[in-house]
Structure formats: structure tokens, C-alpha cells
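Here's a quick tour of one corner of this structure. Have the 3D view open as you read along.

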Amino acid sequence: MKIAVEGCSHGALDAIYQHLRDLEARYNYVVDVLLMCGDFQAIRNHRDMQCMAVPQKYRQLGDFHKYYTGERTAPVLTIVIGGNHEASNYMSELYHGGWLAPNIYFLGHAGCIQVNGIRIAGASGIFKSNDFSLGFHERLPYDHGSMRSIYHIREFNVRRLSLLSSPDIFLSHDWPQCIERHGDTQGLLRRKPFFRQDVQTGNLGSPPLMGLLRTLKPKWWFSAHLHVRFQATVQHEQSGTRSDSPFATSPPQNPDEIAIADDDFDAVELQNPPIEVPRLQTASHNPDEITLEEEEEEVIQSPPVAHRPQPSVTNFLALDKCLPKREFMEVIDVPTPSDEYTMPGQRCMPKLTFDPEWLAISRAFHPFFSTRRRQADYPDEATARAKVAEEMEWVKSNVHNNEANSSDAPLPGIRSILDCQTFVQSAPGPGSEGAQKNQQPPWYTNPQTTAFCDMLDIQNMIDFSSDNRA
């Protein structure tokens, strides 16, 4: 299966899809899936724009609303995660994941799905230690602080992701901490010299994400955020013992991105030699510009996670933002478990299903999901894994395609996402805002989130209509 991966999109969907078409025509192949690594900017209307943490001059409607309203259709199945420049109100509606627009699926604040049997997991947002241990407490209308804290990754989601068995692909916006030590560090510093201090002090990247990389050992890990193409190869230890530990991080001062002067950072000194790796085949060059100054966050200890004895290598690749002559897209070949999904030279709708293990984890951790600032204590790992195993039996018994809506024979624990969630316009498109154009919108409870919770027989905690103050 051919998979295209894109870095930061910043709302430039027209240019990204055109670039993808150009690659297909130039190299005579057909891409099956497009993965996008955050700063997607799913802005439906001008009121959504008031929920995006960027300076006023960067608040632009972008292209997404055309795909949301049906004016245009994504030409390829597109799977996205969130970054730190998003319409956070919309992504909060789909906390557990869902269709942002027809053919554009959001993995949620954390999630794992299967595409033609390939497991794709991801974590939205970026890291900041002050918010890491908090619950999901942010509500509309957002103030200056909550508009930023809402996209800071939480320990709740890192713990849930750590319980997965190894996915094939992992998506994050942040880089895992110290990933540069596994690639051409000097080459990175020649292109981005302002990273030097953070590299020297071990402050580049997210500690919880490096913990997840060492734990999950996916074959591929794709990131964005720092607006540069960088690849690395992480060799995993055979013994299964942890070799990483949490450190304090501090963001590099990158003049290429949007500056949001909110997040402070600590530093801790580290030393390790860089490892040279060969360069992957690249698919780069694009038109359209948005200049943004990035932000990155501090560090905190990542929750304890256990290794699985899968000796392997993780291929890390970070990509740039969608701009002319920048390396923002890569196309890779990933083998599928079965040839039944492949039709060379033709674009077929991939088979998109929920991942049964992730559904079991979602049920097991649902009692610990806090919608207040205070987060309840988590179970120890052994208890958590036992509960996931118990919930896996529930998933196998209760989750399957509705026979009336599917020609496939029911498989225990396997359900097509389209059988459960279908795209719904929960908010109007642009042009209907009137005098409230520059005000934050009200809360919209998304039917897709309701459907997901109904499937798992859990309470929909993402219904804030009763305490909405807008």
C-alpha cells in the first residue's frame, strides 16, 4: 500500500492535494492514504478561527471549509492528528476521533485505527509539563490560557497509548525527545542552527513521546512541528529493558514559525553521539506559504510502561510545512497483511476499521477520564493490563459490523468505522456568522462522538452543552 505522509499543513489543503496529484502523475503510482502530522487547521467558519492559538494576523480561514461544506472532496483517504495551531473546539468535539469532513478522518486526541489491516496510532498536540497531569478541563469560551492548554498532551492519553501492542505507524506533532541523536545531528544543525542549545542540553522534543517510541517500537514514526525534514533510525534493545529516561525540554527558537510566548522550559544536560543514516527517497517541493513560529513544551516524567520483546528498528521521519521548495511530503510503501486490498494502478477506498485493542483500552480507561482539572489516580500497569484483557473479551463479543449495513461476515471485535461514524456538519460553514463573526462559537455535541460512546457502552463525557457559556 502506498502511503503519503505530510508535515504541517496550516490549512493549505488545496496545495497539498495538488502536490499529491503531481507526484502521482510524475511517478506513475497511486497513493492509497495520506497521513498528516498536525497543525491541520480544520476551520469550518470564522468563529472557529477565534479558537485557534495564533496571533491575529495569522488567523486565516484556509482551505478546509471547502472540504467541510462539500464544495470540494478530499481525493484520497486522509488521516490527521492535531498540533498546536488548531481550531481546538472542533477537535474537542471529536475527542475520540471522527470524520472532520468526508474522506478526512481525525484520530482523536489519541487513537489507533486500522487501514487495510495496517495499525496506525497517533497522539495530538504538544507537550507542556504544567498541563501533563491535568484532566481535560477546558471549556468554551476559551481564555488566553485554556486556548493553549487544550492542545497540550495529557498523561491520560500517554498511558492509554502505552498499553497498545506495537502499531505499524505512529503519528505525532512533537518530535520524541533526543530523536536527533539517532540521525544526522550536525546536518540538522547546519539547517537549523538555532536548535543547537536545545540539542546540547537534551531539550529538543517530548519526553513522553520518546517513552512511547521505546515502548511501542513502531516500524515508522512520523512527526512535524519543527518545520524541517529530518530522518533517524532508532535501534531497539533486544532485552526489553528501558534505556530512556525523562528529561526537561525547551523549544528551539525557530524564526520560521508563529511565536506564541506562553510556554517556558527547563533544561537538563545530556550527551550522546549522533548516528549517520542514509537518506530516504523524498517527494518534496510545493507552493503556498504561511510562516509560523513554533512552540514546544517542558518535560515531565512519562508514566511507567513496559517493553514488548520485539527486536526491531523504528524509522523516524519529520517533515516540513507546505511551502514552495520545502520537503513536506514523502511517499512510502507499506506491505499489507493481505493482497486482497491491493489493486495496482487504481485508487480504491481503503478498508478503515476500529482497532479492537484500542477499543478495549478506551473502555478500560474510561473510568479515569477526567473533565475537570484534577485527574484521579491511575491503576498500576499490571492492573491496567488485566482490565484491558477483560475489556478485550467484551469488545470481541459486542463490537462487529451491523449485518444489515455490511456485506462482510461479522468478525469479533472488528467494525468498519463508516458502519459506526458518518460525517455530520455539526456547525455551519462560513458566511452565516453575522455579527458574531469575531466571537467564539457555542459548543456543538458531535453525533459521531455519541455513536462511538454508544458502540462501547460508555458515557459520553464530551457533551459540554449544559455548561457551555457562549
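## Strands 6 and 13

Strand 6, residues 110-115, and strand 13 run antiparallel, and three bridges join them. If you'd like a spot to look at in this predicted model, try Gln114: facing it in strand 13 is Thr353.

## The sheet around them

Zoom out a little and you'll see an open sheet of seven strands with mixed pairing. Read across, the order goes 10-11-9-8-7-6-13. At the edges sit strand 10 (230-235) and strand 13 (352-354), each pairing on one side only. From one strand to the next, the twist averages 25°.

## A helix across the sheet

Now for helix 11. Which strands does helix 11 lie across? They are strand 6, strand 7 (118-123) and strand 13, and the helix runs at about 155° to strand 6.

## Where two helices meet

Two packed helices are described by the angle between their axes and the distance between the axes. For helix 7 (residues 155-162) and helix 11 (residues 356-365), that angle is about 135° and the axes are 10 Å apart. So helix 7 counts as oblique to helix 11. The crossing of helix 7 past helix 11 is right-handed.

Who touches whom? On the helix 7 side you'll find Phe156, Arg159, Arg160 and Leu161, and they meet Trp358, Ile361, Ser362 and Phe365 of helix 11. Sorted by type, the residues of this contact between helix 7 and helix 11 come out as five nonpolar, two charged and one polar.

Definitions and conventions: Residues are numbered from 1 along each chain as its sequence is written. This is a predicted model: local features need pLDDT of at least 70, side-chain atom pairs count only at pLDDT 80 or more; totals for chains, interfaces and linings use all residues. Side-chain values use heavy atoms; hydrogens and water are left out. Axes are lines fitted to C-alpha atoms, for helices over the stretch in contact, and angles run from 0 to 180 degrees between N-to-C directions. Helices (H or I, at least four residues) and strands (E, at least two) are DSSP runs, numbered from the N terminus. Angles under 35 degrees count as roughly parallel, over 145 as roughly antiparallel, 65 to 115 as roughly perpendicular and the rest as oblique. A crossing is left-handed if the near helix is turned anticlockwise from the far one by less than a right angle, and right-handed if clockwise. Contact means heavy atoms within 4.5 Å. Ala, Val, Leu, Ile, Met, Phe, Trp, Tyr, Cys and Pro count as nonpolar, Asp, Glu, Lys and Arg as charged, and the others, Gly among them, as polar. Two strands pair if DSSP finds at least two bridges between them.
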